[in-house]
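Thanks for coming, everyone. I have one structure to walk through today, so let's put it up and have a look.

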Amino acid sequence: MANLLEINGVFEADEDAYDGVKVQINEPMDSNHFVTMLRASISQWRIQGKRGVWIKLPIDHANLVNAAVKEGFWYHHAEPTYLMLVYWIPEIPHTIPANASHRVGIGALVMNDNGEVLVVQEKNGAFKGTGVWKMPTGVVDEVNDDFESFSYLFVINCNKILTKSKSSKQQGEDICVAAVREVQEETGIKAEFIELLAFRQSHKSFFGKSDLFFVCMLNPLSYKIQKQDSEIKGAQWMDMEEYAAQPFVKKHEMFNKIAEICLAKKKNKYNGFSKELMTSAFSAKKNYLYFNH
């Protein structure tokens with residue numbers, strides 16, 4: 001991203017692939033001078049046929065937010081260290097893409113050679129004080145109100161089923177890596193990813209965003225539990241059948257379906273998605289593709 005440079009009274013900017021421009025403010029400046037340069041820059045970009053204007057304001061330059069908004073910019077998204085503002089030049093409806101729409105979570109089915117699964121009781125959250133034993137769960141790391149909603153549970157071997165349910169930082173953590181990390185953090189158990197068993201999508205979840213939740217199967221590489229005292233009330237190995245027979249699991253449609261999938265997997269009557277690293281058409285960077293062999 002370009003630094004802020006004053007060239008003929010306009011901002012230096014990088015072009016994007018959609019006839020837009022990107023500006024990053026790196027140096028302190030007075031809001032009046034900022035507005036003068038901003039108006040001159042937009043006039044030039046309009047002549048050049050540019051469309052979207054993105055301005056990244058680090059938190060140190062928050063004094064410029066109000067000035068930018070008064071010039072017609074709006075908030076696109078924010079991270080702990082910056083705010084991204086956007087502006088649309090053409091006098092037609094804008095085609096600026098929305099901010100990231102989903103949060104990604106995982107649940108980990110860790111099954112040992114005795115057919116027992118690793119389960120936990122949580123100290124906080126919706127399961128606090130319920131006595132329910134559940135699989136370790138968590139959110140995929142990026143960087144860095146309870147309600148009821150309808151969602152789809154996608155089962156690898158079946159069609160989608162409409163159900164109803166309650167609802168160390170790295171950049172771009174993979175689902176398979178997140179599952180392994182969450183298990184070790186909550187229980188001290190080291191494990192390896194085997195398969196993706198199922199996933200569900202729900203809407204209007206965390207701050208109104210949609211939510212993707214992936215159920216992963218892991219193979220334990222250690223067996224002695226050392227629970228995370230700050231988050232976990234209890235952790236143990238439990239017979240899969242006992243886990244599936246819990247009244248809470250039986251009562252709730254989605255939990256019951258996931259338990260049925262786990263039972264089928266224990267009996268080798270269900271195949272999930274394994275992972276493979278490969279490149280795409282647009283980058284040499286390798287990403288995981290999850291698919292059924």
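**Starting from one methionine**

Let me begin with M238: setting aside neighbours within four places in sequence, M238 is in contact with G115, E116, V117, V119, W133 and Y243. The strand that holds M238 is β15, residues 232-239. Is M238 buried or exposed? Its relative accessibility is 4%, and the cut-off for buried is under 20%, so M238 counts as buried.

Before I go on, please keep in mind that this is a predicted model.

Now the whole chain. There are 293 residues, and 43% of them are buried. The secondary structure comes to six helices and 17 strands. As for the outside, the accessible surface is about 16,600 Å², with 51% of that belonging to carbon and sulfur atoms.

Let's turn to a sheet. Five strands make an open sheet with mixed pairing, and the order is β3-β4-β5-β7-β6. Why do β3 and β6 each have one side without a neighbour in the sheet? Because β3 (14-15) and β6 (74-79) stand at the edges, each with a single partner strand. Helix α1, residues 31-47, packs on this sheet and touches β4, β5 and β7 (82-88). The direction of α1 makes about 155° with that of β5.

Here is how the strands are joined. β4 (residues 21-24) and β5 (residues 52-58) run parallel, with four bridges between them, and Q24 stands opposite K56 in β5. β5 and β7 are antiparallel and share seven bridges; there, I55 has L85 of β7 as its bridge partner. β6 and β7 are antiparallel too, joined by five bridges, and W74 has V86 as its partner in β7. The hairpin from β6 to β7 goes through two residues.

I'd like to stay with β7 for a moment. How many of its seven residues are buried? Seven of the seven, so to speak the full set. In a regular strand, side chains alternate between the two faces of the sheet. In β7, Y82, M84, V86 and W88 point one way, L83, L85 and Y87 point the other way, and all are buried.

That brings us to the cores. In soluble globular proteins, nonpolar side chains tend to be buried together. The largest nonpolar core here has 23 residues, and the members that touch the most others are F11, I25, F34, W45, V53, I55 and F73. At least two residues of this core come from each of β4, α1, β5, α2 (65-70) and β7. Which element gives the largest share? That is α1, with six residues. Apart from this core lies another, of 22 residues, including F213, M217, I258 and Y270.

Next, two helices, with a quick check on their lengths. Helix α3 covers residues 175-187, so at 1.5 Å a residue its 13 residues should span 18 Å, and the end C-alpha atoms are indeed 18 Å apart. Among the buried residues of α3 are I175, C176, A178, A179 and V183, and also R181, E182 and E186. Just after α3, G188 takes a positive phi of about 80°.

Helix α6, residues 253-266, has 14 residues, so the expected span is 20 Å, which agrees with the 20 Å between its end C-alpha atoms. Its buried residues are M254, N256, I258, A259, I261, C262 and K265. You'll recall I258 as a member of the 22-residue core.

After α6 comes N268, in the loop between α6 and β16. Phi of N268 is near 60°, a positive value in a residue other than glycine. N268 is exposed, with a relative accessible area of 68%. D19 also has a positive phi near 60°, and D19 sits in the loop between β3 and β4. How covered is D19? At 44% relative accessibility, D19 counts as partly exposed.

Last stop, beyond that N268 loop. β16 (residues 274-279) and β17 (residues 286-291) run antiparallel with six bridges between them. M278 stands opposite N287 in β17, and the hairpin that joins β16 to β17 goes through six residues.

That's my tour; thanks for listening.

Key
Residues are numbered from 1 along each chain as its sequence is written. This is a predicted model: local features need pLDDT of at least 70, side-chain atom pairs count only at pLDDT 80 or more; totals for chains, interfaces and linings use all residues. Side-chain values use heavy atoms; hydrogens and water are left out. Two strands pair if DSSP finds at least two bridges between them. Contact means heavy atoms within 4.5 Å. Axes are lines fitted to C-alpha atoms, for helices over the stretch in contact, and angles run from 0 to 180 degrees between N-to-C directions. Buried means under 20% relative accessible area, exposed over 50%, partly exposed in between (1.4 Å probe, protein chains only). Accessible areas come from the Shrake-Rupley method with a 1.4 Å probe; for residues, only the protein chains shown count as cover. A nonpolar core is a set of buried Ala, Val, Leu, Ile, Met, Phe, Trp, Tyr and Cys residues joined through side-chain atoms within 4.5 Å. The expected span of a helix is 1.5 Å times one less than its number of residues.
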